[in-house]
Amino acid sequence: MTPPTFASLRNALLALAVAFPAGAVLAPAAPALAEVPGQQRTQAPGFYRMAIGDFEVTALYDGFIDLDRKILSGASADDIQGLLARMFLADTPSVQTAVNAYLVHTGANLVLVDTGTAKAFGPALGFIADNIRAAGYNPEQVDTVLLTHLHPDHANGLLRPDGAMLFPNATVHVAKADADFWLSEEVAAKAPADSQPFFAMARAAVAPYAAAGKLKPYQPGDSLVPGVESVAAYGHTPGHSGYLFTSGERSILMWGDVVHSHSVQFARPEVVIEFDADKEQAIASRKKIFADAAAQKLWVAGAHLPFPGIGHVRTEGKGYAWVPVEFGPIRADR
């Protein structure tokens, strides 16, 4: 095909000028009439990934629980209200609290820290299995489950809806002190009536794993998985524990229920929640973990921090503040 010459281009422009003299307005093409689509009232899949050394950490969103602010105590109602107001939560009837779990690929193991709630507390929860799959894995590939404690929002997700093991190839580890408490029918019988369903749910959640020889209560200092050590955080429950994952020079502490309200408890570590079994011990554990995390500039991940629940703790005045991770690609250089 012969390329156009300058003369032929000039002639074409002159022809256009004759056809459309100065001031002529071209009528726009009529837009195609299309029905406005309905709003998409669903959120993106709940997973977030980052690197800790050679470990791949995937945060998983199970859903949310609305908590009544009245279950927080240890500061005046005005102080708690003021801290919530600072986070634009003063006028909400309840405080939305995330439920998170964490999947860690160490290269040698696929480790899940906590399992979420299943549907024990309604349809707003129970999405761990879905988000494991959305993140590119399957529950059958998990070989290790580490439970921070045996409350239902951490252990009920061990089961499929039919009661079978959701993680059939996994060994489940939990601190012996927690197992001795929550799995004991004798302890349950002495507990208040409104607490007994929690004991029953804990026993049911681990039952098929115990029957298969896959439930392994551990003592402090026991070896669990290479690159992982348990961290005592007692108080919320008798054996409540975090897990420190270390690869090279980088670490992340998955601390379970050290914090339930990021709006209040970082600024006021002395504030407890109704569910803390030993409130004084829970306060002591929280203060120690906050101080260590701030001093070491440690990555931390919390089960009830706003998703993905990963970030740092820094000192602020007489208390602390939460610094969440920034969304971005997986990077090994920071």
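## Ground rules

Contact means heavy atoms within 4.5 Å. This is a predicted model, so to speak only of what it supports, local features need pLDDT of at least 70 and side-chain atom pairs need 80 or more, while totals for chains, interfaces and linings use all residues. Residues are numbered from 1 along each chain as its sequence is written, and side-chain values use heavy atoms, leaving out hydrogens and water.

## Helix 2 and its covered side

Let's start with helix 2, residues 77-86 (helices, H or I of at least four residues, and strands, E of at least two, are DSSP runs numbered from the N terminus). Its buried residues are Ile80, Leu83 and Leu84 (buried is under 20% relative accessible area, exposed over 50%, partly exposed in between, with a 1.4 Å probe and protein chains only). These three cover an arc of only 100° around the axis, so they sit on the same side of helix 2 (the arc is that of the directions from the helix axis to the C-beta atoms). Among the elements covering them are strand 3 (72-73), strand 4 (95-105) and helix 8 (262-265).

Just past the end of helix 2 you run into Phe88, with a positive phi of about 60°. That's a positive value in a residue other than glycine. Phe88 belongs to the loop between helix 2 and strand 4, and with 78% relative accessibility it counts as exposed.

## The seven-strand sheet

Strand 4 also takes part in an open sheet of 7 strands, in the order 1-2-4-5-6-7-8 and with mixed pairing (two strands pair if DSSP finds at least two bridges between them). At the edges are strand 1 (47-52) and strand 8 (215-218); each has a single partner strand, so one side of each has no neighbour in the sheet. The twist from one strand to the next averages 25° (axes are lines fitted to C-alpha atoms, for helices over the stretch in contact, and angles between N-to-C directions run from 0 to 180 degrees).

Strand 2 and strand 4 run antiparallel and are joined by 11 bridges. If you want a spot to look at, find Leu67, whose bridge partner in strand 4 is Val95.

Two more residues in this part of the chain are worth a look. Thr144 sits in strand 6 (residues 144-146) and, at 5% relative accessibility, counts as buried. Neighbours within four places in sequence aside, Thr144 is in contact with Asn109, Leu110, Val111, Leu112, Ala170, Thr171, His173 and Val225. Then there is Asp114, in the loop between strand 5 (110-113) and helix 3 (128-134). Asp114 isn't a glycine, yet its phi is positive at about 70°. With a relative accessible area of 2%, Asp114 is buried, whereas Phe88 is exposed.

## The six-strand sheet

A second open sheet has 6 strands in the order 9-10-11-13-14-15, again with mixed pairing. Here strand 9 (228-232) and strand 15 (319-324) hold the edge positions, each with a single partner strand, so one side of each is left without a neighbour in the sheet. Direction ignored, neighbouring strands of this sheet are turned by 35° against each other on average.

Strand 10 (residues 241-247) has strand 9 as an antiparallel partner, over 5 bridges, with Val228 standing opposite Phe245 in strand 10. Strand 10 also runs antiparallel to strand 11 (residues 250-254), joined by 5 bridges; there, Tyr243 stands opposite Met254 in strand 11. The hairpin of strand 10 and strand 11 has 2 residues between the strands, and in this hairpin Gly248 takes a positive phi near 65°. Of the 7 residues of strand 10, 6 are buried, so the rest of the structure largely encloses strand 10.

## What lies across it, and a cis proline

Helix 9 (residues 279-296) lies across strand 11, strand 13 (299-301), strand 14 (310-316) and strand 15. Helix 9 runs at about 95° to strand 14.

One last backbone detail is in the loop between strand 13 and strand 14, which is where Pro308 lies. The peptide bond from Phe307 to Pro308 is cis, with omega near 10°. For background, most peptide bonds are trans, and most residues other than glycine have a negative phi.
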